[in-house]
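Here are a few exercises to work through with the model open beside you. Try each task before you read its solution.

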Amino acid sequence: LKLNNGGMFETLIKLHREDLVKQITITDMKKYHNIIRLLIKHKYLDRIKEWWDYKDYIKQLEYFKKDTHSPHYLCPANFNAEHQKLSKKIYDIQLKERQKKEEELIRIREEKDRQDQAEFYKRIKKYKPILLHIPNNMIIKPIMSIEDMQEEGHKMHHCVGSYWKNTNSLILVCRTEQDERVATIEVNLKSKKIIQVRAACNADSPYKDEITKALNLNMNYIL
C-alpha cells in the first residue's frame with residue numbers, strides 16, 4: 001500500500017531504509033514528500049535515525065517560521081544539537097507563556113476577591129455585636145470578612161466558609177473573652193429567625209439555649 005505513494009517508499013527501500021518505511025505514514029509522506037526528496041538529494045537521510053525526531057524538528061522549524069525548503073535548515077551539521085536547541089527555545093517560550101497566563105489568572109482572581117470582599121463588607125458592616133452575660137462573658141458578633149468566614153469553617157470543621165455568598169443569611173460567631181470559639185450562628189435576614197447554632201463539627205452548642213435567647217432579645221439591635 002505504501003509503495004503507491006509516488007514511488008517514494010520504494011526509493012526508501014532501495015536506499016535500505018526499511019526502518020523509515022515502517023515509521024513514515026502515508027499522511028506524512030504526502031505532507032513531507034518534498035522535504036524527504038530534498039533529504040535524499042543532499043544525502044542527509046543517513047543522519048536520520050528516527051523519523052519521529054525529524055518530524056518534530058520540522059514542526060519546530062515551522063513554529064519559528066523557518067524556510068522548510070532550504071537545505072540550510074533541513075540539513076543541519078549536527079541534527080541532535082539543533083533539535084535540542086530548538087526544543088529548549090520552544091520550552092522556554094511556552095514556559096513564559098504559561099507563567100504569564102498564570103500571573104494573569106492570579107491577578108484576575110485577586111481582583112475578584114477584592115470586589116467580593118468589598119461587596120460583602122458593604123452588606124455586613126451595619127450589623128452590631130452583643131455581649132452575653134453568661135459564663136466567660138461571651139460575645140456574639142458578625143463575621144466581617146470572607147477570609148474570617150472561611151477560617152471559621154476551617155477551625156470549626158463545618159461548611160460555613162462558603163456562606164458569604166448567601167445574601168439572605170447573616171453569619172455570627174460566639175466567642176469567649178479569650179477569643180475561644182464557642183459557636184457559629186446563622187440568622188435569616190428576611191425572617192429574623194435563627195437557622196442554626198453549631199459548635200465544632202456541626203455539633204449542637206452547649207450554650208445553644210442561652211445564645212438563642214440572647215439573640216432573640218436583641219435581634220432588632222443586631223439587625
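**Exercise 1. Work out the order of the elements along the chain and the overall extent of the fold.**

Start at the N terminus and read off the elements: α-α-α-α-α-α-β-β-α-β-β-β-α. Here helices (H or I, at least four residues) and strands (E, at least two) are DSSP runs, numbered from the N terminus. The tally is 8 helices and 5 strands. Next, take the radius of gyration over C-alpha atoms and set it against the globule rule, 2.2 Å times the number of residues to the power 0.38. The chain has a radius of gyration of 35 Å, well over the 17 Å that the rule gives for 223 residues, so it is more spread out than a compact globule. Finally, along the principal axes, the C-alpha trace spans about 100 × 30 × 30 Å.

Before going on, note that this is a predicted model: local features need pLDDT of at least 70 and side-chain atom pairs count only at pLDDT 80 or more, while totals for chains, interfaces and linings use all residues. Residues are numbered from 1 along each chain as its sequence is written, and side-chain values use heavy atoms, with hydrogens and water left out.

**Exercise 2. Describe the surroundings of K49: is this residue buried or exposed, and what does it touch?**

First locate K49 in the loop between α3 (26-41) and α4 (51-63). Its relative accessible area is 59%. Buried means under 20%, exposed over 50% and partly exposed in between (1.4 Å probe, protein chains only), so K49 is exposed. Then look for contacts, meaning heavy atoms within 4.5 Å. Leaving aside neighbours within four places in sequence, K49 meets R17, D19 and Q23. The C-alpha atoms of K49 and D19 are 8.6 Å apart, with their positions 30 residues apart along the chain. Last, the side chain of K49 comes to 3.3 Å from the backbone oxygen of D46; a polar contact is a pair of N or O atoms within 3.5 Å, where, within protein, one must be able to donate a hydrogen and the other to accept it, and residues adjacent in sequence count only if both atoms are side-chain atoms.

**Exercise 3. Place N188 and list its partners.**

Begin with strand β4 (residues 181-188), which holds N188. Beyond residues up to four places away in sequence, N188 touches N168, K193 and I195. A polar atom of the N188 side chain lies 2.9 Å from the backbone nitrogen of K190.
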